[in-house]
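Got your viewer open? Load the model below and we'll walk through it one selection at a time.

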Amino acid sequence: MIARPIAALNHATSSGGIRNHSDFSHVSCFKIIDSTLREGEQFSNAFFDTEKKIEIARALDEFGVDYIELTTPAASEQSRADCEAICKLGLRAKILTHIRCNMDDARIAVETGVHGVNLFLGTSSFSMKSSHGKKMSDVHKTALEVIEYVKARNIEIRFSSEDSFRSDLVDLLSIYQAVSKVGVNRVGIADTVGCANPQQVYDLIKTIRSVVSCEIETHFHNDTGCAIANAYSALRAGATHIDTTVLGIGERNGITPLGGLIACMVVADRDYVINKYNIKKLKAIEQLVADAVKIDIPFNNYITGSCAFTHKAGVHAKAVLNNPSTYEVLNPADFGIDRCINFASRLTGWNAIKARAEALSISLTDAQYKECTAKVKALADTREITADDTDSIIIGFHDAQKLGVSIECVRK
Ligand SMILES: [Zn+2]
């Protein structure tokens with residue numbers, strides 16, 4: 001540990017001074033469908049027993065996600081029992097299950113007590129040839145039959161194409177218009193293979209927005225690292241719901257991470273996000289899921305990574321000590337997280353040494369802080385140093401000043 005928390009500092013502006021976009025109304029009323037218990041179950045390391053699923057569902061509910069999506073009850077007997085158990089918890093979040101678009105799965109799903117059913121069906125030429133083998137006319141027929149069946153039971157329904165960005169646009173618009181007309185709550189757009197970029201997302205969602213009157217849900221895989229940016233672009237274009245998982249876990253390298261979406265949206269509309277979601281719970285829920293799937297939270301994770309709020313270079317540390325907004329677009333206090341100043345390197349500046357000395361109840365003149373900093377830099381030029389090394393230099397320097405001798409004498 002080479003960085004230590006420093007006293008709370010106030011951000012001068014709530015969102016780092018970012019100006020809102022003109023189409024801001026689209027991004028300020030989004031809903032989160034968290035799919036850690038569906039997409040996340042497809043993560044290579046994931047195995048959630050019933051107890052763990054319930055613990056994660058409760059944590060997501062406390063965080064305030066709008067929907068929790070569960071694995072299809074048609075997957076296995078235990079999946080069905082778990083789905084029923086979570087529906088019975090009486091959570092505030094609505095419970096969805098994600099099923100193939102066929103009558104057998106729909107019948108099983110509606111009997112579990114879910115609030116909503118998320119249908120998916122491949123519409124790309126790859127799916128039509130290699131997956132379900134249906135023609136587009138058959139896709140329409142099946143979708144409408146299943147939608148009618150679910151709607152008749154007063155259960156919320158979404159119809160999503162799979163691999164939307166590699167599907168024929170005319171086919172896509174035609175199926176979305178058809179399902180919108182029969183009254184689905186949402187259509188879903190899924191970048192199943194993670195090939196889309198933010199501009200393509202904006203253009204497709206804008207086009208779909210112009211042909212359907214219902215809500216639009218989106219699902220972005222992260223194969224090219226665009227999952228968060230794509231979610232943001234989708235909201236700007238008129239999408240209403242974003243699929244996330246905790247830490248982004250999912251098939252291959254996963255989907256839009258809950259924490260990354262939250263980070264992005266706090267910058268866009270801090271007040272909306274902190275009023276709606278219990279963002280101080282983010283770190284705990286990420287740790288819960290990381291432990292469950294036996295991974296570490298990455299060092300560079302949005303908000304909760306070990307380095308997310310650590311400042312090292314002298315120029316950065318000085319400015320952050322004066323006004324954190326200079327180098328922080330997010331306020332760690334919003335997430336219940338401490339900011340750190342790394343004061344143990346050759347890049348350390350005297351303002352950081354002064355702040356550290358004050359934390360140790362040591363007061364020196366500015367000239368003395370600068371002299372003390374030179375000693376820290378000199379040692380750091382010879383080897384990697386720790387916070388304890390810096391502390392002992394500061395304390396030794398202070399003692400030497402009191403005794404009127406050099407720090408080297410004190411050390412001996
Ligand atoms: Zn997916």
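Start by selecting Thr-218 and Ile-242: Ile-242 in β9 is the bridge partner of Thr-218. Before you click on, note that this is a predicted model, where local features need pLDDT of at least 70, side-chain atom pairs count only at pLDDT 80 or more, and totals for chains, interfaces and linings use all residues. Residues are numbered from 1 along each chain as its sequence is written.

Now widen that selection to residues 215-220, strand β8, which pairs with β9 in the parallel sense over two bridges. (Pairing takes at least two DSSP bridges between the strands; strands are DSSP E runs of at least two residues, helices are H or I runs of at least four, and both are numbered from the N terminus.)

Add residues 227-237, helix α9: β8, α9 and β9 form a right-handed β-α-β unit. To check the hand, point the strands away from you; the path from the first strand over the helix to the second should run clockwise.

Next, pick β9 itself, residues 241-244. His-241 and Asp-243 point one way, Ile-242 and Thr-244 the other, and all are buried, meaning 20 or more other C-beta atoms, placed from the backbone, lie within 10 Å of a residue's own.

Then select residues 31-34, strand β2, which runs parallel to β9 and is joined to it by four bridges. Here, Lys-31 has His-241 as its bridge partner in β9.

Finally, zoom out. The chain has 16 helices and 11 strands, its C-alpha atoms fill a box of roughly 90 × 45 × 35 Å along the principal axes, and 46% of its 412 residues are buried.

Methods:
Buried ≥ 20, exposed ≤ 12 C-beta atoms within 10 Å, placed from the backbone.
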